[in-house]
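Please open the model in your viewer and keep the sequence panel beside it. The tour below proceeds by selection, one region after another.

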Amino acid sequence: MPVLARPDSNEYCPLPPRRALVAADTDVLVVGGGPAGLGAAIGAADAGARVVLAERHGFLGGNATAALVMPLMSFHTQMRAPERQGAATLLPTDHGPGEAVIAGVLARLLERLVQAGGAIPPSLETGYVVPFDPEWFKLIALDLLDEAGVHYLLHAFASGVIRDGSVRGVVFETKSGPIFIRASVTVDCTGDGDIAAQAGAPFDIGRSDGLVQPMTLMFRIVDFERTLFKNYVREHPAQWRGVHGLWDLARRATEAGELDLPREDILFFATPHENEISVNSTRVTRVLGTDVWDLTYAERASRCQMRQIAAFLRKYVPGFERAYVAQSGVNIGVRETRRIHGDYHLTADDVLAARKFDDAIARGSYPVDIHNPKGSGTILERLPPGEAYDIPLRCLLPQQTEGLLVAGRSISGTHEAHSSYRVMPIAMATGHAAGVCAAIAAQRGISPRQTPVRDVQAELVRQGASLGKH
Ligand SMILES: Cc1cc2nc3c(=O)[nH]c(=O)nc-3n(C[C@H](O)[C@H](O)[C@H](O)COP(=O)(O)OP(=O)(O)OC[C@H]3O[C@@H](n4cnc5c(N)ncnc54)[C@H](O)[C@@H]3O)c2cc1C
């Protein structure tokens, strides 16, 4: 592949000094408009703060829209272990409903998506995931920000941090040149911990060998005949084994040299549209989402896989004879990059033991879900039925850094714990909490670390968040 290779030299070109236009002075600056950023901006504005949200893309939603990660994973406790999760959105499942453990901004977003016909509410039939339409997601995210009074700037890539003892604001690269947004408190919702890293906060990447979960280019296939497909699967139940669909057809295609994927199954989800599916089956391993050379390679490699998968579905799978790829992600989906070192490091044991914390500001019930960083295979370990784990405020407070909170998938935790709290409902819940904490801190002129957690919890509950028994 003729992608530009990583240079072997360490030669640097010095840059001329420059200045940035001061574009705003605000209480709370939220960087990144994905699920966490939306939760943070709306939570902070509802707590009475002046809020600016800045996003590098021309639309909001983060992975939900840019990477076409179209179902929200379940945010309900589980009653029984599902036997067929991959098929869950297309076929009846054994996944029993439990309690919803996330509400607040997520509940508001969901209500509006469902009202618009842009999402299917969680139910037994959907396997408690929420299939949604990314175009509705983009529109409703804008509506919610407008209603909350959040000022937003799109096409603004955060490239630097201004700090003294504390983070004072962020520099953005824009078509209008560099701009600076000054803020009392900044919330890093970049998913990659870009702001925390620039501010000098310590972080980890990957597991002990440095490898991270693989990247996946997601895509939408249309002109799919759902009934034909469902009938086929009912008549051939052996096609679905284990957690995801383990396809004999995929194996046949692989043996015929028509599929060459570093995963064992073809995973896809229903969408709110009868004749459409969202495919989550490309896999690029040993690449890092904070490395431009890796990202370039991964975009190319995943598109080659997408072509193979689409051809496979058309040739081998009933219901897909006329189906075609209507859209792929604006960018490849990145599951895992930096995880900051916060005042607490959440572990897999905390997740699987459904541990509770006094300073809980969000909850999660999603399993430990690790796509093998080296190739095929996915580890899925569930919480006990009916249980949820707490996420402490301390996980959002980067060590050695003031004036900054981190929310979403880059909060403080292990590689294994991250595989659970990375999903969008939980990212939105930690964002909501970070926004509320940032607003209180900014209004009182204190740092997020000094903000009494009881006040954060009380404001979250006032805004409809679900914190269990706190
Ligand atoms: C392939 C794949 C499949 C997944 N499947 C599911 C699923 O089915 N259901 C589910 O719930 N979750 C799923 N996840 C996980 C989930 O999508 C993410 O972990 C979640 O979106 C994290 O939310 P976030 O807000 O922290 O980050 P993101 O969604 O990544 O949002 C970060 C935002 O910040 C912006 N940004 C980044 N850097 C900068 C910068 N320097 N300057 C300005 N803006 C910046 C980005 O453009 C983006 O809008 C999946 C993830 C992947 C990659």
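**The ligand shell**

By class, the residues that surround the ligand comprise 19 nonpolar, 13 polar and seven charged ones. The model is a predicted one. Select the ligand and display its surroundings: the shell has 39 residues, and the closest are Gly32, Gly34, Gly62, Gly333 and Gly408. Next, colour helix H1 (35–46), strand S3 (71–72), strand S6 (157–163) and helix H10 (424–444); each of these supplies at least two residues of the shell.

**The whole chain**

Now zoom out and show the chain as a cartoon. The cartoon contains eleven helices and 19 strands. The radius of gyration is 22 Å, close to the 23 Å that the globule rule gives for 470 residues, so the chain is as compact as a globular protein of that length. Along the principal axes, the C-alpha atoms fill a box of roughly 65 × 55 × 40 Å. Of the 470 residues, 54% count as buried. Among contacts between residues at least 6 apart in sequence, 75% join residues at least 24 apart.

**Helix H2**

Select residues 104–115, which form helix H2. This helix has twelve residues and reaches 17 Å from its first C-alpha to its last, close to the 16 Å expected at 1.5 Å a residue. Which residues of H2 are buried? They are Gly104, Val105, Leu106, Arg108, Leu109, Leu110 and Leu113. To see what covers them, add H1, strand S4 (130–131), helix H3 (134–148), H10 and helix H11 (453–462), which are included in that cover. H1 and H10 were already coloured as contributors to the ligand shell. Just after H2, select Gly117, which takes a positive phi of about 80°.

**Strand S10 and its two partners**

Select strand S10 (residues 219–222) together with strand S12 (residues 276–279); the two pair in the antiparallel sense over four bridges. Within this pair, Phe219 has Val279 of S12 as its bridge partner. Then add strand S13 (residues 324–328), which also pairs with S10 in the antiparallel sense, over four bridges. Here Val222 stands opposite Tyr324 of S13. While side chains are displayed, one rule is useful: in a regular strand, they alternate between the two faces of the sheet.

**The S16–S17 hairpin**

Move to strand S16 (residues 368–371) and strand S17 (residues 378–381), an antiparallel pair with four bridges. The two strands form a hairpin with six residues between them. Show His371 and Thr378 of S17, which stand opposite each other. In the turn, Gly377 has a positive phi of about 105°.

**Two loop residues with positive phi**

Select Ala354, in the loop between helix H8 (348–352) and strand S15 (360–364). Although Ala354 is not a glycine, its phi is positive, at about 55°. Is this residue buried, partly exposed or exposed? Ala354 counts as partly exposed, because it has 17 C-beta neighbours inside 10 Å.

Finally, select Gln400, in the loop between strand S18 (389–392) and strand S19 (404–406). Gln400 is likewise not a glycine and has a positive phi of about 60°. Because Gln400 has 9 C-beta neighbours inside 10 Å, it counts as exposed.

How values were computed: Residues are numbered from 1 along each chain as its sequence is written. This is a predicted model: local features need pLDDT of at least 70, side-chain atom pairs count only at pLDDT 80 or more; totals for chains, interfaces and linings use all residues. The radius of gyration is taken over C-alpha atoms; the globule rule is 2.2 Å times the number of residues to the power 0.38. A residue is buried if 20 or more other C-beta atoms lie within 10 Å of its own, exposed if 12 or fewer, and partly exposed in between; C-beta atoms are placed from the backbone. Two residues are in contact if their C-beta atoms, placed from the backbone, lie within 7 Å. A residue is near a molecule or strand if its C-beta atom, placed from the backbone, lies within 6 Å of it. Ala, Val, Leu, Ile, Met, Phe, Trp, Tyr, Cys and Pro count as nonpolar, Asp, Glu, Lys and Arg as charged, and the others, Gly among them, as polar. Two strands pair if DSSP finds at least two bridges between them. The expected span of a helix is 1.5 Å times one less than its number of residues.
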